[in-house]
Amino acid sequence: MTSLRPLAFLSLLLTSLSLLAQTPATDTTSRNAPAASDTLPVPADESANALLEGLADANETPSLLPQKMIFTQRAFWGPKGLLRVTNMAPLSSAGRAKELKIRRTMLVAHQIGGFVTLAGFVAQGLLGAKLYNAKGQEYADTKIWHERMASYINVSYGTTLALSLTAPPPVVGAKRGLSWIRVHKYLAVVHLAGMVATNVLAQKIQTDSSLKPVHRAAAYTTFGAYAASIVALTF
């Protein structure tokens, strides 16, 4: 029996060691380590960029000029226009306020010039009708007045047109869609083309009388478009 005890003790020791070897080791580092996503710091660049974007939005100022301007307005009043480059009208908030007053004055003068020119068109139409039927001395006298009235209309028309084309731009550009102001501008293209055609034909009929009906049609078309453009401004 005594010889069996060392063997039993040795067998029990080996069994205990085998059980200890099969038991998984506990990972204390993984249990105690915090989650990586909970401890990552916010990058300094991202926070700085967000702050700068907020400051840019707060300090952003509206544009002093509309994005769309006619070519004459851009030539004089644009960011690199003649009056800006020569420092005669520096672009500033106070300067724009004065420009809007100048614009109003010029457009009022443009409207007055429109009515004055329209009266000249009416007088020229009456003289033209009389000229077509006049003979002898009456024809010579009527032709002189007709030519004088033509010079008057050209000066009045050109001045009225220049007031519109060179006025300072508005605060905002024209709205999209059809409006009476847009109709007025479309008709302006028609009567401008008619004015050019009427003056060219007036010179040609001196040597080719067959163009008189064409000259009369161009004159009446110009008058009709001009009168309609003035009526459009009343709406």
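Which residues does Y157 touch, not counting residues up to four places away in sequence? In this predicted model, Y157 touches T117, A188, H191, L192, M195 and Y226. The setting of these contacts is described below, beginning with the overall fold.

The protein contains ten helices and zero strands. Read from the N terminus, the order of elements is accordingly α-α-α-α-α-α-α-α-α-α. Of the 235 residues, 22% count as buried. The exposed surface of the protein amounts to about 16900 Å², and carbon and sulfur atoms supply 67% of this area. Among contacts with a separation of 6 or more, 68% join residues that lie 24 or more positions apart.

Y157 also belongs to the largest nonpolar core, which comprises eight residues: L118, F121, M149, I153, Y157, M195, Y226 and I230. At least two residues of this core come from each of the helices α7, α8 (136-165) and α10 (212-232). The greatest contribution is that of α8, with three residues. Two of the residues touched by Y157, M195 and Y226, are likewise members of the core.

A contrasting position is found at I112, a residue of helix α7, which spans residues 93-133. I112 counts as exposed because its relative accessibility is 52%, and the cut-off for this class is over 50%. The C-alpha atom of I112 is separated by 8.4 Å from that of T160, although the two residues are 48 residues apart along the chain.

Conventions:
Residues numbered from 1 in each chain as written. Predicted model: local features only at pLDDT ≥ 70, side-chain atom pairs only at ≥ 80, totals over all residues. Heavy atoms only, no water. Helix = DSSP H or I, 4+ residues; strand = E, 2+ residues; numbered from the N terminus. Buried < 20%, exposed > 50% of the residue type's maximum accessible area, 1.4 Å probe, protein only. Contact = heavy atoms within 4.5 Å. Areas by Shrake-Rupley, 256 points an atom, 1.4 Å probe, with all protein chains shown as cover. Core = buried A, V, L, I, M, F, W, Y, C linked by side-chain atoms within 4.5 Å.
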